[in-house]
Amino acid sequence: MAKGFGGRGGMGMGGGINMNMIKQAQKMQENMQKMQAELEAKEYTAQAGGGVVSATVNGKRELLSITIDPEAVDPDDVEMLQDMIVAAVNEAIRACSTDAASSMEKLTGGLGLPF
């Protein structure tokens, strides 16, 4: 048996895991599941082109809606409209990701867990 793991001269945990640690882990898991559900229910809206294009995504990073001001529709410059749509969607997704990361950091206390 390797030194420091179980048996005599072990880590003092009696060969088992501390029940308090298990309860804390279960509580953290419950909190994470609750937070995940809350984040998935949230909506994030971002705009581009001075507000002529607006995109809304949910916490699952699914596109829910696109709103385009008729002023933005120029048949001679469809590429500009496409760029504004992409920019608005990407910004909404970034807002969602930032919020999720911030919420997880608060929950885990900055443990650096891969969420």
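## The central strand and its neighbours

A46 stands opposite A55, a residue of strand 2. This placement belongs to a predicted model, in which strand 1 covers residues 43-48 and pairs with strand 2 in the antiparallel sense over 6 bridges. Another position along this pairing is T45, whose bridge partner in strand 2 is T56. On the other side of the sheet order, strand 2 is joined by 5 bridges to strand 3, residues 63-68, and the two run antiparallel. Here S54 has T67 of strand 3 as its bridge partner.

Together these elements form an open sheet of 3 strands in the order 1-2-3, with antiparallel pairing. Strand 1 and strand 3 are the edge strands, each pairing on one side only. From one strand to the next, the twist averages 15 degrees.

## Burial of strand 2

Strand 2 spans residues 53-58, and 6 of its 6 residues are buried, so the strand is largely enclosed by the rest of the structure. The side chains divide between two directions: V53, A55 and V57 point one way, whereas S54, T56 and N58 point the other way, and all are buried. Two of these residues have already appeared as bridge partners: T56 pairs with T45, and S54 pairs with T67.

For the protein as a whole, 23% of the 115 residues count as buried.

## The two hairpins

Strand 1 and strand 2 form a hairpin with 4 residues between the strands, and G49 in this hairpin takes a positive phi near 65 degrees. Strand 2 and strand 3 likewise form a hairpin with 4 residues between them.

In the second hairpin the residue to note is R61, found in the loop between strand 2 and strand 3. Its phi is near 65 degrees, a positive value in a residue other than glycine. R61 has a relative accessible area of 41% and is therefore partly exposed.

## Overall arrangement

The secondary structure comes to 2 helices and 3 strands. From the N terminus on, the elements run α-β-β-β-α. Among contacts between residues at least 6 apart in sequence, 45% join residues at least 24 apart.

An unreviewed UniProt entry lists residues 18-47 as "coiled-coil region". In the model, the chain over residues 18-47 is 77% helix and 17% strand, and the C-alpha atoms at its ends are 50 Å apart.

## Helix 2

Helix 2 has 31 residues and reaches 45 Å from its first C-alpha to its last, close to the 45 Å expected at 1.5 Å a residue. Its buried residues are L81, M84, A88, V89, A92, C96, A100, S103, M104, L107 and T108. These buried residues pack against helix 1 and also against strand 1, strand 2 and strand 3. Helix 2 is followed by G109, whose phi is positive, near 70 degrees.

## Salt bridges

Side chains of opposite charge can pair when their charged atoms come close. The count in this model comes to 2 salt bridges. In one of them, D99 pairs with K42, and the closest N and O atoms are 2.9 Å apart. This pair links distant parts of the chain, since D99 lies in helix 2 and K42 in the loop between helix 1 and strand 1, 57 residues apart. K42 counts as partly exposed because its relative accessibility, 36%, lies between the limits of 20% for buried and 50% for exposed.

The side chains of R94 and E91 also meet in a salt bridge, at 3.2 Å from N to O. How far apart in helix 2 do R94 and E91 lie? They are 3 residues apart, about one turn of the helix. An α-helix has 3.6 residues a turn, so residues three or four places apart point the same way. R94 counts as partly exposed at 48% relative accessibility, and E91 is also partly exposed, with a relative accessible area of 35%.

How values were computed:
Residues are numbered from 1 along each chain as its sequence is written. This is a predicted model: local features need pLDDT of at least 70, side-chain atom pairs count only at pLDDT 80 or more; totals for chains, interfaces and linings use all residues. Side-chain values use heavy atoms; hydrogens and water are left out. Buried means under 20% relative accessible area, exposed over 50%, partly exposed in between (1.4 Å probe, protein chains only). Two strands pair if DSSP finds at least two bridges between them. Axes are lines fitted to C-alpha atoms, for helices over the stretch in contact, and angles run from 0 to 180 degrees between N-to-C directions. UniProt positions are given in the numbering used here, feature names are shortened, and annotations may be inferred rather than shown by experiment. A salt bridge is a side-chain nitrogen of Lys or Arg within 4 Å of a carboxyl oxygen of Asp or Glu. The expected span of a helix is 1.5 Å times one less than its number of residues. Contact means heavy atoms within 4.5 Å.
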